[in-house]
Amino acid sequence: MVFDQDKEMVAVARRVAGTEVTVERPSGLTWQVSYRRLRPGTRHEAQQLRALAHLHRVQRRGKN
């Protein structure tokens, strides 16, 4: 779990290619960012990411 300092968002690192890291949010949103712009997420940010994942699952269930 990382924090993108440019987008000011917490995400999960999925792939590394050279200096670029592909990160992903629970909604499926992905983007690439330089590893230099990432920092490890805090405990609070990890909690936020889990809450976002839960909310996304609940919302998807409601659309079926």
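# A guided tour of the predicted model

Begin by selecting aspartate 4, which lies in strand β1. The model is a predicted one. Aspartate 4 is buried, yet no salt bridge is formed by this residue. The nearest side chain of opposite charge belongs to arginine 37, at a distance of 5.8 Å. A salt bridge requires a nitrogen of Lys or Arg within 4 Å of a carboxyl oxygen, so this pair does not qualify. What does the side chain of aspartate 4 reach? Display the backbone of aspartate 6: its nitrogen lies 2.8 Å from that side chain.

**The whole chain**

Now zoom out to the full protein. One helix and five strands are present, and they follow one another along the sequence as β-β-β-β-β-α. The C-alpha trace extends about 40 × 25 × 15 Å along its principal axes. Of the 64 residues, 27% count as buried.

**From aspartate 6 to arginine 37**

Return to aspartate 6 and add arginine 37 to the selection. These two residues form a salt bridge, with 2.8 Å between the closest N and O atoms. The pair joins distant parts of the chain: aspartate 6 belongs to the loop between β1 (2-4) and β2, arginine 37 to the loop between β4 and β5 (38-40), and 31 residues separate them. Is arginine 37 buried, exposed or partly exposed? Its relative accessible area is 33%, and therefore it is classed as partly exposed.

**The loop between β1 and β2**

Stay in this loop and select glutamate 8, which is also found between β1 and β2. Its phi is near 55°, a positive value in a residue other than glycine. Glutamate 8 has a relative accessible area of 61% and is therefore exposed. Next, select lysine 7 together with tryptophan 31. The charged end of lysine 7 sits over the ring of tryptophan 31, at 5.5 Å from the ring centre. As for contacts between rings, the structure holds zero aromatic pairs.

**The hairpin of β2 and β3**

Select residues 9-17, strand β2, and residues 20-24, strand β3; the two run antiparallel and are joined by five bridges. Within this pairing, look across from alanine 13 to find valine 23 of β3 standing opposite. Two residues lie between the strands of this hairpin, and glycine 18 adopts a positive phi near 70°.

Which residue meets arginine 14 in a salt bridge? The partner is glutamate 24, with an N to O distance of 2.8 Å. This contact connects strand β2, which holds arginine 14, with strand β3, which holds glutamate 24, across ten residues of sequence. Glutamate 24 has a relative accessible area of 23%, so this residue is partly exposed.

**The hairpin of β3 and β4**

Keep glutamate 24 selected and look to β4, where threonine 30 stands opposite. Strand β4 covers residues 30-34 and pairs with β3 in the antiparallel sense over five bridges. How many residues lie between β3 and β4 in their hairpin? There are five, and glycine 28 in the turn has a positive phi of about 100°.

**Strand β5 and the helix**

Move on to arginine 39, located in strand β5. Its relative accessibility of 27% is why arginine 39 counts as partly exposed. Add methionine 1 to the view: the C-alpha atoms of these two residues are separated by 8.9 Å, although their positions lie 38 residues apart along the chain.

Now add glutamate 45, which forms a salt bridge with arginine 39; the closest N and O atoms are 2.8 Å apart. Glutamate 45 is buried, because its relative accessible area is 9%. With this pair included, the count of salt bridges comes to three.

The last stop is alanine 46, in helix α1 (residues 43-62). Is alanine 46 buried or exposed? With 16% relative accessibility, alanine 46 counts as buried, because the limit for that class is under 20%. To finish, select phenylalanine 3 as well: alanine 46 and phenylalanine 3 are 43 residues apart in sequence, while their C-alpha atoms are 9.5 Å apart in space.

Notes: Residues numbered from 1 in each chain as written. Predicted model: local features only at pLDDT ≥ 70, side-chain atom pairs only at ≥ 80, totals over all residues. Heavy atoms only, no water. Phe/Tyr/Trp six-rings, centres within 6.5 Å; stacked < 30°, edge-to-face > 60°. Lys NZ or Arg CZ within 6 Å of the ring centre and 35° of its normal. Pairing = 2+ DSSP bridges. Helix = DSSP H or I, 4+ residues; strand = E, 2+ residues; numbered from the N terminus. Buried < 20%, exposed > 50% of the residue type's maximum accessible area, 1.4 Å probe, protein only. Lys, Arg positive; Asp, Glu negative; His and termini not counted. Polar contact = N/O pair within 3.5 Å; in protein donor to acceptor, adjacent residues only side chain to side chain.
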